[in-house]
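User: Could you take a close look at one part of this model for me? I'd like to follow the salt bridges and what sits around them.

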Amino acid sequence: MDLYEYQGKQYFARFGLPVPDGETADSVEEAVAAAERLGFPVVLKAQVHVGGRGKAGGVKVAEDAAEAASHAGAILGLDIKGHVVHRLWVERASQISKEYYASFTLDRSDKRYLCMLSSKGGIDIEQVAEEDPGAIARCHVDPLDGFSEQEALALAAEAGIDEQARAGVAACLVSLYRCYDEGDADLVEINPLVLTQAGGVLALDAKVTLDDSAAFRHPEWADFAGFEELDHRERLARERGLQYVGLEGDVGIIANGAGLAMSTCDMVEQVGGRPANFLDIGGGASAEVMASALEVINTDEKVKAIFVNIFGGITRGEEVANGIVQALGRVDIKAPIVVRIDGTNAEQGRAILDSHGAEGLVSLPTMLEAARKAVELAAASASGVAGPSSGVSR
Ligand code: GDP
Ligand code: MN
């Protein structure tokens, strides 16, 4: 998950990184009120998931309320590389003396973390790497060893950070490392990290990508996800803890395992249908999870047929079938369901579905047959032909 700058700065602050005071604003009035509370001059900054905002007119300094209002009006609604600005970060302006660059990321080829520090900040680091590669000091960090203040100081000297800023920059690097490591980020980047005219060191920008696989140990990340632009199906799925991606078609898909879910989407396309979603229910297929998955798909008006594709490995076929039957008892599903169960105890699973004999529930033994049936049912429903035959067929 990518954070907006203001969220990144809030995350930085938790690890002791110095960031300027600021407030979010979603309208011109809010921006002016925030600016007056913070005190002029302020900087108004577009909150979008894309860099280069400064050059695109998304970062502006205001000296008074009138200027804050006109800048806020100009930035809100601005389209920056396809991202429309809906939110501003209003921050007390800093008097910049020097701009630096600092980041931690994973160097996959080296299997260690990589810290990069440069005395040339405020411009694209890619551009610095191209034009003046010597201006970027690098050091690898073994997560078992951690990153010490001494290493940080040595790197600051190597990067040519001005003498009076070195201690401050080194302290920032140590905090930034903690944010990256304990904070479970995939990337933390400060560009620019500045030396102010008063001699302080501050993070003026924040780029943070959190490692989604670590979300289970960070309940507080839920606050960050709230402002993401999700459609209603995706929001509901996320609340239920499901791996869901909304698509445009009319065949709802439930599969166990991301690979199988993707193959199921492909198979539906291959036989002439269009998937309404990608939904991976993971390893198990309990009644709980199956009911949640069916509920999410049920809220999608476009879905005309549902294809449940389960391969039993550790999960046994009869558990899956019982889960589906129990889920059907709990959720009133609008579209017909085609189930394919294969793998461990598949026969027992299919027998359970057969004997259940619910209307609109079809069980087929292979993925291809099931995909064809689901697509056919969706097409029949779309063309107004009577729905599925009642009872379970094989
Ligand atoms: P980006 O263009 O999306 O990377 O946005 P940044 O947050 O990095 O801002 C771009 C540039 O605006 C920075 O490199 C600074 O030169 C300038 N800037 C940002 N905040 C301030 C500030 O508080 N005071 C001053 N004088 N300039 C700032
Ligand atoms: Mn920047």
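Which residue forms a salt bridge with Asp-26, and how far apart are the closest N and O atoms?

Analyst: Keep in mind that this is a predicted model. The mean pLDDT of the chain is 91, with 95% of the residues at 70 or more. The stretch to be wary of is residues 386-394, where pLDDT is below 50, although the model gives this stretch 22 contacts beyond near neighbours in sequence. Where pLDDT is low, the coordinates shouldn't be read in detail.

Now to your pair. The partner of Asp-26 is Arg-87, and their closest N and O atoms are 2.8 Å apart. The bridge links distant parts of the chain, 61 residues apart: Asp-26 is in the loop between S1 and H2, while Arg-87 is in the loop between strand S5 (83-84) and S6. With 35% relative accessibility, Asp-26 counts as partly exposed; Arg-87, at 16%, falls under the 20% cut-off and so is buried.

The helix that follows the Asp-26 loop is worth a look too. H2 covers residues 28-38, and its buried residues are Ala-31, Val-32, Ala-34, Ala-35 and Leu-38. Viewed down the axis of H2, these fall within an arc of 165°, so they line one face of the helix. That fits the usual geometry: an α-helix has 3.6 residues a turn, so residues three or four places apart point the same way. On the other side of H2 you'll find Glu-29, Glu-36 and Arg-37, which are exposed. The buried residues pack against strand S1 (22-25), strand S2 (42-46), helix H3 (65-75) and strand S6 (88-92). So S1 and S6, which border the loops of the Asp-26 and Arg-87 pair, are both among the packing partners of H2. After H2 comes Gly-39, with a positive phi near 95°.

As for other bridges, the count for the model is 22. One of them joins Asp-184 and Arg-217, again at 2.8 Å from N to O. Asp-184 is in the loop between helix H6 (166-181) and strand S10 (185-196), and Arg-217 is in the loop between strand S12 (207-210) and helix H7 (222-225), so this pair ties together parts 33 residues apart in sequence. Asp-184 is buried, with a relative accessible area of 12%.

Asp-342 and Arg-340 also form a bridge, with their closest N and O atoms 3.4 Å apart. Here Asp-342 is partly exposed at 26%, whereas Arg-340 is buried at 8%. Finally, there's a network of salt bridges linking Glu-5, Lys-9, Lys-45, Arg-53, Glu-91 and Asp-205.

Methods
Residues numbered from 1 in each chain as written. Chains lettered and ligands numbered in written order. Predicted model: local features only at pLDDT ≥ 70, side-chain atom pairs only at ≥ 80, totals over all residues. Heavy atoms only, no water. pLDDT = per-residue confidence, 0-100. Contact = heavy atoms within 4.5 Å. Buried < 20%, exposed > 50% of the residue type's maximum accessible area, 1.4 Å probe, protein only. Helix = DSSP H or I, 4+ residues; strand = E, 2+ residues; numbered from the N terminus. Arc of directions from axis to C-beta. Salt bridge = Lys/Arg side-chain N within 4 Å of Asp/Glu carboxyl O.
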